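Colleague: Please give me a close look at a single part of this model, beginning with the backbone and then following the packing outward. I would like the cut-off behind each term as you go.

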Amino acid sequence: MLFAEETRGRLLLPLKTYGRSVLGSPLQYVPCSGPCRLLVIAGIHGEEPETTFLLSRTLRAFAMPLKDVAFILCANPDGMTLGTRCNARGVDLNRNFPTSNWSTDPVSSRSVLEAPRDTLLSTGTAAGSEPETIALLGLIQQLQPKAILSMHAPLGCVDAPARTPLVDALCECFSLPWQPDIGYPTPGSLGTWCKDAEGPLECVTLELPRMSLEALFDRFGESFASLLSFI
């Protein structure tokens, strides 16, 4: 059994601090034991707590760091605490990365999936203006991962420009379709920054399906843990 009764209630993996949020919350990650091949990021949007929940519950299957996969459980702790998509300064962190197409235009989002885009958020006073963005870019520079998996919700797809082994593994694990494009522009996003990077750096966006927290773990917890073990 992957999730032993005596360990499923708490995270046993070590945490390291890579920065501080606007409100001073520690920005923490779970390091890997060797060179990083994959960095998994959850919670960059504070109103998508299912990403942090599922990743935390899944990681409780492990008592030791993985060899080449590192994890950020929550890239926007202030937003998660406040229940907002943005950080404490009202900035959508996933539109604040220093990309070639970063824009000062406010970004719109939906209160619920079926609603029109009725909420406007800032992209920051400048590209890379927010401490959470700066710290994450610094961590990526430090770890030098070969790929990034960015967890979001609730569109229910695997968004990536090309079908790679990582994309196929995620589609199979979560029974989700591959989409080469999310269907709308994302200037200043992490995915766009990865495209701009030298290399470029593979970035896959996992959009979890619209399910309850318990249902997400019940359906995908063991398969996600197995994927992380052998990816």
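Modeller: P154 lies in the loop between β7 and β8 (157-159), where helices (H or I, at least four residues) and strands (E, at least two) are DSSP runs numbered from the N terminus. The peptide bond that joins A153 to P154 is cis, with an omega of about 5 degrees. This is a predicted model, in which local features need pLDDT of at least 70 and side-chain atom pairs count only at pLDDT 80 or more, while totals for chains, interfaces and linings use all residues. Residues are numbered from 1 along each chain as its sequence is written, and side-chain values use heavy atoms, with hydrogens and water left out.

Most residues other than glycine have a negative phi, and most peptide bonds are trans. Two further loop positions deserve a look in that light. Q144, in the loop between α3 and β7, is not a glycine and yet has a positive phi of about 55 degrees; Q144 is partly exposed, at a relative accessible area of 45% (buried means under 20%, exposed over 50%, partly exposed in between, with a 1.4 Å probe and protein chains only). S175, in the loop between α4 and β9, also has a positive phi, near 50 degrees, and with a relative accessible area of 51% S175 counts as exposed.

The strands named so far lead into an open sheet of six strands, ordered β4-β3-β7-β10-β8-β9 with mixed pairing; two strands pair if DSSP finds at least two bridges between them. Its edges are β4 (69-72) and β9 (178-179), each of which pairs on one side only. Next to the β4 edge, β3 (residues 38-41) runs parallel to β4 and is joined to it by four bridges, in which L39 has A70 of β4 as its partner and V40 has F71. In a regular strand the side chains alternate between the two faces of the sheet. In β3 both faces are covered, since L38 and V40 on one side and L39 and I41 on the other are all buried.

Helix α1 (residues 49-59) belongs to the surroundings of this sheet and is mostly covered, with eight of its 11 residues buried, namely E50, T51, T52, L54, L55, S56, T58 and L59. These buried residues pack against β3, β4, α2 (77-82), β7 (147-152), α4 and α6, contact meaning heavy atoms within 4.5 Å.

Of these partners, α6 can be described in more detail. α1 and α6 pack at an angle of about 50 degrees with their axes 9 Å apart, the axes being lines fitted to C-alpha atoms, for helices over the stretch in contact, and the angles running from 0 to 180 degrees between N-to-C directions. The two helices are therefore oblique to each other (angles under 35 degrees count as roughly parallel, over 145 as roughly antiparallel, 65 to 115 as roughly perpendicular and the rest as oblique). Their crossing is right-handed, meaning that the near helix is turned clockwise from the far one by less than a right angle, whereas anticlockwise would be left-handed. On the α1 side the contact is made by E50, F53, L54, L55, R57, T58 and L59, and on the α6 side by L213, E214, L216, F217, G221, F224, A225 and L228. These residues divide into 10 nonpolar, two polar and three charged (Ala, Val, Leu, Ile, Met, Phe, Trp, Tyr, Cys and Pro count as nonpolar, Asp, Glu, Lys and Arg as charged, and the others, Gly among them, as polar).

α6 (residues 213-230) also packs with α4 (residues 165-174), at an angle of about 160 degrees and with the axes 9 Å apart, and α4 and α6 are therefore roughly antiparallel to each other. α4 passes α6 in a right-handed crossing, and the contact is formed by A169, L170, C173 and F174 of α4 together with F220, S223, F224 and L227 of α6. Here the residues divide into seven nonpolar, one polar and no charged.
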